[in-house]
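Work through the exercises below with the model open. Each task is followed by a solution in steps.

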Amino acid sequence: MTFIGELFKLRLLHPRVVHGCFHMLLEKGNDVESLECLSKLITSTGKAVEELNNGSGPYSEISYNT
């Protein structure tokens, strides 16, 4: 998950991919391994995702719908 997060921060992954990972891990959230992976992904992508959602960072021109 850290690798996926780093690829996202380098803009090598579209936000939809990371959003899909969040969604998948939240659906499987009843086991410890999924929650640990989700925690690592949030830790590695948190600031970039927050900027994307606020429209204030380098990802602001990217849309989830494209």
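**Exercise 1. List the buried residues of α3 and state what covers them.**

Step 1. The model is predicted: local features need pLDDT of at least 70 and side-chain atom pairs count only at pLDDT 80 or more, while totals for chains, interfaces and linings use all residues. Residues are numbered from 1 along each chain as its sequence is written, and side-chain values use heavy atoms, with hydrogens and water left out.

Step 2. Apply the burial cut-offs: buried is under 20% relative accessible area, exposed is over 50%, and partly exposed is in between (1.4 Å probe, protein chains only). In α3 the buried residues are Ser34, Leu38, Leu41, Ser44, Thr45, Ala48, Val49 and Leu52.

Step 3. Look for contacts, meaning heavy atoms within 4.5 Å. The cover over the buried residues of α3 includes α1 and α2.

Step 4. Place the helices in the chain. Helices (H or I, at least four residues) and strands (E, at least two) are DSSP runs, numbered from the N terminus. The chain has three helices and zero strands. Of its 66 residues, 26% count as buried.

**Exercise 2. Describe the surroundings of serine 44 and threonine 45 in α3.**

Step 1. Serine 44 has a relative accessible area of 9% and is therefore buried. Leaving aside neighbours within four places in sequence, serine 44 is in contact with Met1, Thr2, Gly5, Glu6 and Lys9.

Step 2. Threonine 45 is buried because its relative accessible area is 1%. With neighbours within four places in sequence again left aside, threonine 45 is in contact with Gly5, Phe8, Val18 and Phe22.

Step 3. Check the polar atoms. A polar contact is a pair of N or O atoms within 3.5 Å; within protein, one must be able to donate a hydrogen and the other to accept it, and residues adjacent in sequence count only if both atoms are side-chain atoms. A polar atom of the threonine 45 side chain lies 2.7 Å from the backbone oxygen of leucine 41.

Step 4. Check the helix axis. The bend at a residue is the angle between axes fitted to the seven residues ending there and the seven starting there. α3 has a kink of about 65 degrees, centred on threonine 45.

Step 5. Go to the N-terminal end of α3. Aspartate 31 caps this end, with a side-chain oxygen 3.2 Å from the backbone nitrogen of glutamate 33.

**Exercise 3. Find the largest nonpolar core and the helices that supply it.**

Step 1. A nonpolar core is a set of buried Ala, Val, Leu, Ile, Met, Phe, Trp, Tyr and Cys residues joined through side-chain atoms within 4.5 Å.

Step 2. The largest such core has nine residues: Phe8, Val18, Cys21, Phe22, Leu25, Leu38, Leu41, Ala48 and Val49. At least two residues of this core come from each of α2 and α3 (32–54).

**Exercise 4. Why do cysteine 21 and cysteine 37 form no bond?**

Step 1. A disulfide is a covalent bond between the sulfur atoms of two cysteines. The cut-off is a pair of cysteine sulfur atoms within 2.5 Å.

Step 2. For cysteine 21, the closest cysteine sulfur is in cysteine 37, 9.8 Å away, so the pair is too far apart for a bond. A search of the whole structure finds zero disulfides.

Step 3. Compare exposure. Cysteine 21 is buried, with a relative accessible area of 12%; cysteine 37 is partly exposed, at 23%.

**Exercise 5. Identify the side chains that meet in a salt bridge.**

Step 1. A salt bridge is a side-chain nitrogen of Lys or Arg within 4 Å of a carboxyl oxygen of Asp or Glu. The count by this rule is one.

Step 2. The partners are glutamate 6 and lysine 9, at 3.0 Å, N to O. Both lie in helix α1 (residues 2–9), three residues apart, about one turn of the helix.

Step 3. Glutamate 6 has a relative accessibility of 35% and so counts as partly exposed. Lysine 9 is partly exposed because its relative accessible area is 37%.

**Exercise 6. Is leucine 10 buried or exposed?**

Step 1. Leucine 10 sits in the loop between α1 and α2.

Step 2. Its relative accessibility is 60%, so leucine 10 counts as exposed.

Step 3. Leucine 10 and alanine 48 are 38 residues apart in sequence and 10.0 Å apart in space, C-alpha to C-alpha.
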